[in-house]
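Q: I would like to learn how to read one helix and one ligand site. Please show me the structure to start.

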Amino acid sequence: MGTSGTGTAIADATAATMADVAITVDGLTKRYRGHTAVENMSFTVRGGAITGIFGLNGAGKTTALKVISGLARASAGQVLWGGHDTPAGTRGRLGVFIEPCGAHPGRSARAHLRSLAAMAGLPRARVAEVLALVGLDQVSPRRVGRYSLGMRQRLGLAAALLTDPDILVLDEPMNGLDPRGIRWLRTLLREQADSGRTVMLSSHSLTETERLVDDVIVIHQGRVVHQGPIGPMTDRGATLEEIFLGLTDADPTDTDPTDTDPTDTDPTAAGPTGGEDA
Ligand SMILES: Nc1ncnc2c1ncn2[C@@H]1O[C@H](COP(=O)(O)OP(=O)(O)OP(=O)(O)O)[C@@H](O)[C@H]1O
């Protein structure tokens, strides 16, 4: 490192900050035939961390995750992937679980994953690996139609993990899992983050996710009402559930009542305008 390095130091710091940010959501808006599901949403997702996105029914979680994953088009705003403005170069790095597993009920889990692996150019051995990873190896020849909800969740996770992605986007991954399954998933996702991968998930299970997430985004009526690390939120003795209920009881255009984090979304930051209704 040079000694005249104010500029270099700033450049290094900027590079480090950019490297830490896996996903940047900037002014994201999604309209469905005039109904605004997500409005001018801005936040960042740290690489190598687990970020939880929370909101009441209809708050816009799934819509936001769909746009972030490239499964739906934004009406306005943009999503940056590690600084890049299209997901094209990073698609192989992205594992998504949003819809219920998507497998035909008459097919076996193994056959379903083998066809996904073939489409992704992956060897069959990878299917065996992910089946073991999600605990479905013993039941993989069974038809998916005979799977329990928890087993279908595990299959959806297996599909998301197939490409060994750097970024996982998971909508309600704990749904249908029993307490042992939830503990298993927490361990799996923590291992993913500890190995440098980025995890973004939505959940209504605030008690279960409080012990899992590093960062929290709370959305209410399509808007971000809080974002920041979980530590300063719960260190004051309140539970995530209590904080969440307080945040989602208010008019979303009000100032964030927890207002302690300088990285909080700037409500004045306008995203690009225009776009089309879906
Ligand atoms: N394809 C669609 N067409 C029209 N409206 C939609 C569509 N998808 C979602 N919406 C609407 O957008 C809003 C946000 O829905 P979204 O599914 O994103 O919420 P959510 O936070 O995931 O809810 P939940 O917790 O109930 O799953 C809702 O009012 C919903 O009715």
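Q: Which residues of α6 are buried?

A: First, the ground rules: this is a predicted model, in which local features need pLDDT of at least 70 and side-chain atom pairs count only at pLDDT 80 or more, while totals for chains, interfaces and linings use all residues. Residues are numbered from 1 along each chain as its sequence is written. A residue is buried if 20 or more other C-beta atoms, placed from the backbone, lie within 10 Å of its own, exposed if 12 or fewer, and partly exposed in between. In α6 the buried ones are L185, L189, Q192 and A193.

Q: Where do the buried residues lie around the axis of α6?

A: An α-helix has 3.6 residues a turn, so residues three or four places apart point the same way. Here the buried residues cover an arc (of directions from the helix axis to the C-beta atoms) of only 95 degrees, which puts them on the same side of α6. The face turned away from that side carries the exposed residues P179, R180, T187, E191 and D194.

Q: Against which strands do the buried residues of α6 pack?

A: Contact requires C-beta atoms, placed from the backbone, within 7 Å. The buried residues of α6 pack against β3 (50–54), β6 (167–171) and β7 (198–202).

Q: Which element gives the most to the shell around the ligand?

A: A residue is near the ligand if its C-beta atom, placed from the backbone, lies within 6 Å of it. The residues around the ligand include Y32, H35, N57 and K61. α2 gives the most to this shell, with three residues.

Conventions. Helices (H or I, at least four residues) and strands (E, at least two) are DSSP runs, numbered from the N terminus. Two residues are in contact if their C-beta atoms, placed from the backbone, lie within 7 Å.
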